[in-house]
Protein chains: 2
Amino acid sequence: MAYKYEFARPALTVDCVVFGLDDEGLKVLLIERALEPFRGRWAIPGGFVRVDESLDDAALRELQEETGLKKVFLEQLCTVGTLDRDPRERVVTVAYYALVRLSNHRVQAATDAREALWFAMDDLPTLAFDHDQILESAYERLQAKVRYQPIGFELLPNKFTLRQLQSMYEIILDRELDKRNFRKKILGMGVLTELDEVEADVAHRAARLYRFNKAEYRRLTKQGFNFEI
Amino acid sequence: MAYKYEFARPALTVDCVVFGLDDEGLKVLLIERALEPFRGRWAIPGGFVRVDESLDDAALRELQEETGLKKVFLEQLCTVGTLDRDPRERVVTVAYYALVRLSNHRVQAATDAREALWFAMDDLPTLAFDHDQILESAYERLQAKVRYQPIGFELLPNKFTLRQLQSMYEIILDRELDKRNFRKKILGMGVLTELDEVEADVAHRAARLYRFNKAEYRRLTKQGFNFEI
DNA sequence: CGACTTAGTGTTAAAGTTACACTAACAAAG
DNA sequence: CTTTGTTAGTGTAACTTTAACACTAAGTCG
């Protein structure tokens, strides 16, 4: 009991909603709690913020400690400070969310977590604390975000086909898109570079490969270009 | 020195960017700090979160204590936890923003503030801490928000003219709107009720008065109606 | 009653969005 | 080597939305 303060302080935590994408669909990374409270229940990975690390660092650290996931681009979602959200004491949590390519990230349970697993979005368990609500908010935010920012090029291989790109959007937005309109729109943005290559080893006509042009994307972003899908 | 914890905890504060609207334009409520650090400098009102109050409550309380402002609709903006943002110790702050009708809110400096004043957005002093950045983020968020939500009907009298409504949008968005297009769009949303009344005491043709139809607005919102201006 | 001020109104061109169906390329099977 | 199956790739037309633009109407004031 080493730290003393004149006034009582809420505990401060970070929680990370990590969405993972693969061919099967959109998933979320959850951990099974090894400790009370909610021992044995599934939860969003997260933990206490240390006094000498930034919020972003804390989120990255906790994510790695509990699930093995590294170098994820986390974005702040919101901060929740309801009085009774943690039965132990007053805990305020800063929630983050991220979207990763599932095949790139092998998870592995560690500190404070019995297990870390990807759950399909349509087959989620009831979560500990108020994590259901946080997850729901994160999902809404992700869908809103993907509509006006060409997020998620990091989710595809370096070279990808337009079909792969479209599928990614369809999975995240949870609706079908028109092939021709999608191609028109995405090519019209001018952030894709057409390669002199086609996909290999397919049992049908091979599709052309494209590369995401990051420099061009940044240039357009600065000009306030609208990337709405 | 009454409260002891096993691990060091960051202090937790809330800060409120309150935008005020009147005929002159958009203003921000700032306080002059009465205490160190940054004593004498202007800052966004805010203060420490108590362990037994929610974040929203803390924001409302601090705003009232420091500026006299009550019953403001605050919305969470972001949470900032940079390590050295406060010279005293590690402080994490949850930032809020709000938009109020200036004539409704007489301010008055109180606790920890020497003075509380409205500053025009184009004539701001340098602020304490990282409050310049927080204010800038809040302004961007306000402009983004006003474009797709009919925010700010609370900023007008109960009965208002379309010209008043348009002026409000123009001030917040900081650009001129076409009168006919604006009227078409806003009336087309169906959230305004035309009254059998016109404005009084004007030295020219009197404009028709309208009322905001809150019930209809909520109904449409649930249906995912797009209120983009 | 003339001058002044703001209210109120429609149309058109341009841009963007949506819906929709066929041919091209290639591999695999026979 | 021909047929079959599968996905790639392409254009147009209807519709909707946006943007630009100028005059008459109503009322006050002097």
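Which residues come nearest to DNA strand D? K179(A), R183(A), K184(A), R208(A) and R205(B) do, out of the 19 residues around the strand; a residue is near a strand if one of its heavy atoms lies within 4 Å of it.

This is a predicted model, in which local features need pLDDT of at least 70 and side-chain atom pairs count only at pLDDT 80 or more, while totals for chains, interfaces and linings use all residues. Residues are numbered from 1 along each chain as its sequence is written, chains are lettered from A and ligands numbered from 1 in the order in which they are written, and side-chain values use heavy atoms, with hydrogens and water left out.

**View 1. The surface near DNA strand D.** By class, this surface has 12 charged residues (Asp, Glu, Lys, Arg), four nonpolar ones (Ala, Val, Leu, Ile, Met, Phe, Trp, Tyr, Cys, Pro) and three polar ones (the others, Gly among them). Sugar or phosphate accounts for 41% of the strand D atoms within 4 Å of the protein, and bases for the rest.

**View 2. Side chains at base nitrogens of DNA strand D.** An N or O atom in the side chain of K179(A) is 2.5 Å from a base nitrogen. Polar side-chain atoms of D178(B) and K184(B) lie 3.4 Å and 3.5 Å from a base nitrogen, respectively.

**View 3. The two domains of chain A.** Domain 1 spans 11–145 and domain 2 spans 150–222, with bounds from an automatic or database domain assignment. Their C-alpha centres lie 29 Å apart. In domain 1, 12 residues are in contact (heavy atoms within 4.5 Å) with 10 residues of domain 2.

Conventions:
Polar contact = N/O pair within 3.5 Å; in protein donor to acceptor, adjacent residues only side chain to side chain.
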